[in-house]
Amino acid sequence: MGKRITVDPITRIEGHLRIDVEVDNGSVSKAWASGQMWRGIETMLKGRNPKDAWVFAQRFCGVCTTVHAISSIRSVEDALDVELPVNAQMIRNIMIALHSLQDHIVHFYHLSALDWVDITSALEADPAKAASIAQSLSPWPGNSVTEFAAVKERLKGFVSTGKLGIFSSGYWGHKDMRLEPEINLIAVAHYLKALDYQRKAAQAVAILGSKNPHIQNLVVGGVATAVNVDNPATLNVERLALLRSLTMEVKQFVNEVYYPDVLAIASFYKDWFKYGRGVDNYLATPDFPLDGKSTSFGVTGGTIMNGDLSTFRESASWNDDYIRKNITESVAHAWYEDGEPLHPWKGETEPSYGEFDDEGKYTWVKAPRLEGKPAQVGPLAQILVNYAAGDEKVTELVNSAASTLGIGLDDLHSTMGRHYARAARAVVMADKAVEYIDALEANIAAGDQTYANDTELPDGEYSGVGFHEAPRGLLSHWLVMRDKKIFNYQAVVPSTWNAGPRDEQGTPGPYEASLVGNPVLEADKPLEVIRTVHSFDPCLACAVHTIDPEKNEIVKVQVR
């Protein structure tokens, strides 16, 4: 047996994730991913009015609340075959795109960039040289000597207090931190600036959704965002102008800062296009419906198996029987009552907690499977699927980046490939947000101000699924309603696809498989483990948890 390393909790994520690895001869030979908190919201939803489900479902998470609301309400609309007004589809599309932008910016800069950027090294940087480098990469007006000098002074202030504030608890000085001081200073400056632009994206979502997080504007059959360009209390000309202005600012940041920064940092870590592959079956769903019946979409969905793009199978709509019928969840290694893998419409949530057992049960996360196989979801899946489908924008981005970095398409199946794919997806999302604002304004200008179709719940039993390509990947809410009440409800979320454990065949999930073969230079600073796990953008179930920095136990809660 190799040396055992336990990282618990994985920080800079939402929720509580534990990663265990065994290291032999300097690289990971075995890994376990464990979600350490129980979700349980499915149980709460039973017996409730299906029209209210989306309000509760947002509480699945403390970060990606919008996506659960969208998937939940789509599950009811799917069950009842509800048609939406085009204005409602566009308003939802705009919120989805802007939420993705906010999420992707936060993930790269605030949750994972510090795995690659040595903050303390930036104190040695020359602001003039940093400005020269940054200006060679992008026309972003903030890349000035004055800006970088000010950030360096601000960073000195942090360090002189003996604390690094928001930059604390990093593996500074690790042997594999490779960026030049000036690149580190650029990254620190953009880290701080990213706080402003993720806020602008969230503010834009709130214009349509009334608040953010936890939007308030969904109804079965559309949205509650009243449309009247002449009414100051509704979505009017002034609100639309502010929405467009914020969106254009965020788009500029993505194109001129985020995307170039990812390429620049990746160029110093090209070997990380060789680590972190793991499960290379990919699954994505079509999204951004363009008509009321959801028959055409702005992005393509589908599957790719074994990392081979020639196996691409398009999922043309949410009615694709292949996807709807072949998803199951295994609990062979999860803390639930034993049973065969179940389809989500028949899924059960019966907790059965025990100790962490390497060969038995060790997590609260179920293991989703497609036709019995693990699959990776997320921006990499969506970018590869759309590349295979021949999407012009995606093809242009990927081919250009591959040429710039000197990598091949196969290198995207990796830790750094996931970061690149998320940045490319952000560029696509920025374009989509503007495209749907244009479409909404044109539809309103043509005289259509309808934003919801009244929907009544019928007696009888109906089943539906709400698919959504969330920032972290394929999200689906599966609902069975009986006589106007929720009879069963299961959410199969991106983090169960990616963070799921071994199944009854002993096949590891994507996190676990991706860690095998990773180098670990310093066992007490397992930076390489964190890099690969963070590249998935882990987001575990939302709940409150408390830790003590001295590792003392504060409270123990028994879940019955």
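How many cavities of 30 Å³ or more does a search of the whole structure find? I noted seven. The model I searched is a predicted one.

**Entry: the second largest cavity**

I looked up the second largest cavity next and wrote down a volume of about 70 Å³. Its lining is made up of Gly298, Val299, Gln382, Ile383, Asn386, Asp391, Val394, Arg425, Val428 and Lys432. I then asked which elements give two or more residues to this lining. They are strand 8 (297-299), helix 10 (379-388) and helix 12 (415-445).

**Entry: the second largest pocket**

For the second largest pocket I have a volume of about 350 Å³. The lining of this pocket counts 19 residues, and the closest to the centre are Asp78, Val82, Lys293, Ser294 and Trp318. Helix 3 (65-80), helix 4 (86-112) and strand 13 are the elements that give two or more residues to the lining. Which element has the largest share of it? I found that helix 3 does, with three residues.

Helix 3 also led me to the loop that runs between helix 3 and helix 4, where Asp81 has its place. I checked the backbone of Asp81 and found a positive phi of about 55°, although Asp81 is not a glycine.

**Entry: the sheet with strand 13**

Strand 13 came up in the pocket lining, so to speak by the way, and I followed it into its sheet. This is an open sheet of three strands in the order 13-14-15, and the pairing is antiparallel. Why do strand 13 and strand 15 each have one side without a neighbour in the sheet? Strand 13 (461-470) and strand 15 (485-492) stand at the edges and have a single partner strand each, so one side of each is left without a neighbour. On average, neighbouring strands here are turned by 15° against each other, direction ignored.

I looked at one pairing in detail. Strand 14 (residues 473-482) is joined to strand 15 by seven bridges, and the two run antiparallel. I took Trp478 as an example and found that its bridge partner in strand 15 is Gln490.

**Entry: the sheet with strand 6**

I found another open sheet of three strands, with the order 6-9-10 and antiparallel pairing. Which strands stand at its edges? Strand 6 (282-284) and strand 10 (308-315) do; each has a single partner strand, so one side of each lacks a neighbour in the sheet. The average turn between neighbouring strands of this sheet is 15°, direction ignored.

Strand 6 and strand 9 (residues 301-305) run antiparallel and are joined by three bridges. Opposite Ala284 I found Gly302 of strand 9.

**Entry: the hairpin of strands 2 and 3**

Strand 2 pairs with strand 3 (residues 27-35) in the antiparallel sense, and I noted eight bridges. One residue pair I looked up is Val23, which stands opposite Val28 in strand 3. How many residues lie between the two strands of this hairpin? There are two, and Asn25 in the turn has a positive phi of about 50°.

**Entry: helix 8**

I compared the span of helix 8 (residues 237-268) with the expected value. The helix has 32 residues and reaches 46 Å from its first C-alpha to its last, close to the 46 Å expected at 1.5 Å a residue. Where is the kink in helix 8 centred? I place it on Val254, with a bend of about 40°. At the start of the helix, a side-chain oxygen of Asn236 comes to within 3.1 Å of the backbone nitrogen of Glu238.

**Entry: cis peptide bonds**

I looked up two cis peptide bonds that lead into prolines. The bond from Asp8 to Pro9 is cis, with omega near 5°. Pro9 sits in the loop between strand 1 (3-7) and strand 2 (17-24), and strand 2 is the one I had met in the hairpin with strand 3. The bond from Asn212 to Pro213 is also cis, with omega near 5°. Pro213 belongs to the loop between helix 7 (181-209) and strand 4 (218-219).

Note on methods: Residues are numbered from 1 along each chain as its sequence is written. This is a predicted model: local features need pLDDT of at least 70, side-chain atom pairs count only at pLDDT 80 or more; totals for chains, interfaces and linings use all residues. Side-chain values use heavy atoms; hydrogens and water are left out. Two strands pair if DSSP finds at least two bridges between them. Helices (H or I, at least four residues) and strands (E, at least two) are DSSP runs, numbered from the N terminus. Axes are lines fitted to C-alpha atoms, for helices over the stretch in contact, and angles run from 0 to 180 degrees between N-to-C directions. The expected span of a helix is 1.5 Å times one less than its number of residues. The bend at a residue is the angle between axes fitted to the seven residues ending there and the seven starting there. A polar contact is a pair of N or O atoms within 3.5 Å; within protein, one must be able to donate a hydrogen and the other to accept it, and residues adjacent in sequence count only if both atoms are side-chain atoms. On a 1 Å grid over the protein atoms alone, a cavity is a set of points where a 1.4 Å probe fits but cannot get out, and a pocket is an open set with protein on both sides within 12 Å along at least five of seven lines; lining residues have an atom within 4 Å of a point. Grid points are joined across faces, edges and corners, and a volume is the space filled by probe spheres set on the points.
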